[in-house]
Amino acid sequence: MNIIQRNFFKLLCSGAFNTTVSIEPMSVFKWYKLFQMVDVQNVLTTFVKGVNNCAKDENMQLPIELIQRVQDALMERKKGTNIEKGKVRLSNKFLNRKLEKIIHRELHNIDTSIEAIETLKIIVYNTYAMLNRGISLEGIIRLGWYMRNKGDKIDFVKLEQWLMELHLQRIAQLQGCILIDFFYFEKDELPFVQNIEKETKNIMIRLVSNLAKDTTLDWSFTQNSAGFLKNNGVSMRKNIRRGFRYFAYAPLETTSNFVGNLAKSLSEIEE
């Protein structure tokens, strides 16, 4: 990682988990680059908490103009809606029905584990985000917060069984490895992580290095005057590449997600 990326993750760690970190000195240009990463990854609140936690660090010197920009962004955030909490569903209809049955059955169980259900929901939400927009750092942080604060109440035997039934073991493991590699988690804190995924660091560096906001959801087909179909080719190619990137971690869900998006786009063509 370069210095911008290192400080980016340090501030997120401090903001999300109150981790003690040491900030490395950066130029004005690099601080603006870091803030651009914060904006693209939608982690402004966590970033601000990290900045406040590191206020006494002599290297924590944000440019005055950037401080004003951060404050303006916070005001705009307060006026807007909350971060999307939904999308707790799977694209594969068979697996989604199984997910619904798991949740319904567990909620009516004598020894219900609400914490295990919530952890499963977060993992499913993160999986949806990965396949459609790229890794959601907000979602990963939410998973880490839940593990740190509710981990002792989670029935991991049930959780691991559900992940196996839904074929989500590896993609859940990938999410856990992000917490280990970038947020200072110990493997023992994440019992659903059996093995360390070797590509985690490459995937994350690629993610934060991309400073363009993702628009891959906008690849609907349209029909021109001659009756031919056309679509946003750039966005479609991004979606296909992402599918290949995560195929090894959740092959059934990745395939179903792509086919589902394709079918939805075709169904929205105006007659």
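This note goes through a predicted model point by point, from the overall fold to single residues.

1. Overall layout. The protein chain holds twelve helices and two strands. Along the sequence, the pattern reads α-α-α-α-α-α-α-α-α-α-β-β-α-α. The two strands thus sit next to each other in the order, with ten helices written before them and two after.

2. Burial and contact range. The protein chain has 271 residues, and 47% of them count as buried. Take the contacts with a separation of 6 or more: 69% of these join residues 24 or more positions apart.

3. Helices α1 and α2. Helix α1 covers residues 3-17 and helix α2 covers residues 28-41. Their axes come within 10 Å. The crossing angle is roughly 55°. That angle makes α1 oblique to α2, because it falls neither under 35 degrees nor in the range of 65 to 115. The crossing of α1 past α2 is right-handed.

4. Residues of the α1 and α2 contact. From α1 come I3, I4, Q5, N7, F8 and L11. From α2 come K30, W31, K33, L34, M37, V38 and Q41. By class, the contact of α1 with α2 has eight nonpolar, three polar and two charged residues.

5. Helices α5 and α6. Helix α5 spans residues 93-107, and helix α6 spans residues 114-132. The axes of α5 and α6 come within 10 Å and cross at roughly 160°. The angle is over 145, so α5 is roughly antiparallel to α6. This crossing is left-handed.

6. Residues of the α5 and α6 contact. On the α5 side are L99, I102, I103, E106 and L107. On the α6 side are I114, I117, L120, K121 and V124. Eight of the contact residues are nonpolar and two are charged, with no polar ones.

7. T127 in α6. Is T127 buried or exposed? T127 is buried, because its relative accessible area is 1%, under the 20% cut-off. T127 belongs to helix α6. Leaving aside residues up to four places away in sequence, T127 touches L168, I171, Q175 and E253.

8. Aromatic pairs: F8 and F9. The structure holds six aromatic pairs. One of them joins F8 and F9. Their ring centres lie 5.1 Å apart, and the planes make an angle of 75°. The pair is edge-to-face. F8 counts as buried, with 1% relative accessibility. F9 counts as buried too, at 3%. F8 also appears among the α1 residues in the contact with α2.

9. Aromatic pairs: F35 and F47. This pair is tilted. The centres are 6.3 Å apart, with 55° between the planes. F35 lies in helix α2 and F47 in helix α3 (residues 44-53), so the pair ties together parts that are twelve residues apart in sequence. Both rings belong to buried residues: F35 has a relative accessible area of 4%, and F47 is at 2%.

10. Aromatic cluster. Which residues form one aromatic cluster? They are F8, F9, F17, F182, F183 and F185. F8 and F9 therefore take part both in this cluster and in the edge-to-face pair described above. By number, F17 falls within α1, and F182 within α9 (169-182).

11. N18. Phi of N18 is near 55°. The value is positive, in a residue other than glycine. N18 is found in the loop between α1 and α2. N18 counts as exposed, because its relative accessibility of 60% is over 50%.

12. H167. Phi of H167 is near 60°, again a positive value in a residue other than glycine. The place of H167 is in the loop between α8 (156-165) and α9. At 42% relative accessibility, H167 counts as partly exposed.

13. Points to check in the view. Begin with the two helix crossings: α1 with α2 is right-handed, and α5 with α6 is left-handed. Then turn to the aromatic cluster, F17 and F185 among its members. Finish with the two loop residues of positive phi, N18 and H167.

How values were computed:
Residues are numbered from 1 along each chain as its sequence is written. This is a predicted model: local features need pLDDT of at least 70, side-chain atom pairs count only at pLDDT 80 or more; totals for chains, interfaces and linings use all residues. Side-chain values use heavy atoms; hydrogens and water are left out. Helices (H or I, at least four residues) and strands (E, at least two) are DSSP runs, numbered from the N terminus. Buried means under 20% relative accessible area, exposed over 50%, partly exposed in between (1.4 Å probe, protein chains only). Contact means heavy atoms within 4.5 Å. Axes are lines fitted to C-alpha atoms, for helices over the stretch in contact, and angles run from 0 to 180 degrees between N-to-C directions. A crossing is left-handed if the near helix is turned anticlockwise from the far one by less than a right angle, and right-handed if clockwise. Ala, Val, Leu, Ile, Met, Phe, Trp, Tyr, Cys and Pro count as nonpolar, Asp, Glu, Lys and Arg as charged, and the others, Gly among them, as polar. Rings of Phe, Tyr and Trp (its six-membered ring) pair if their centres lie within 6.5 Å; planes under 30 degrees apart count as stacked, over 60 as edge-to-face and the rest as tilted.
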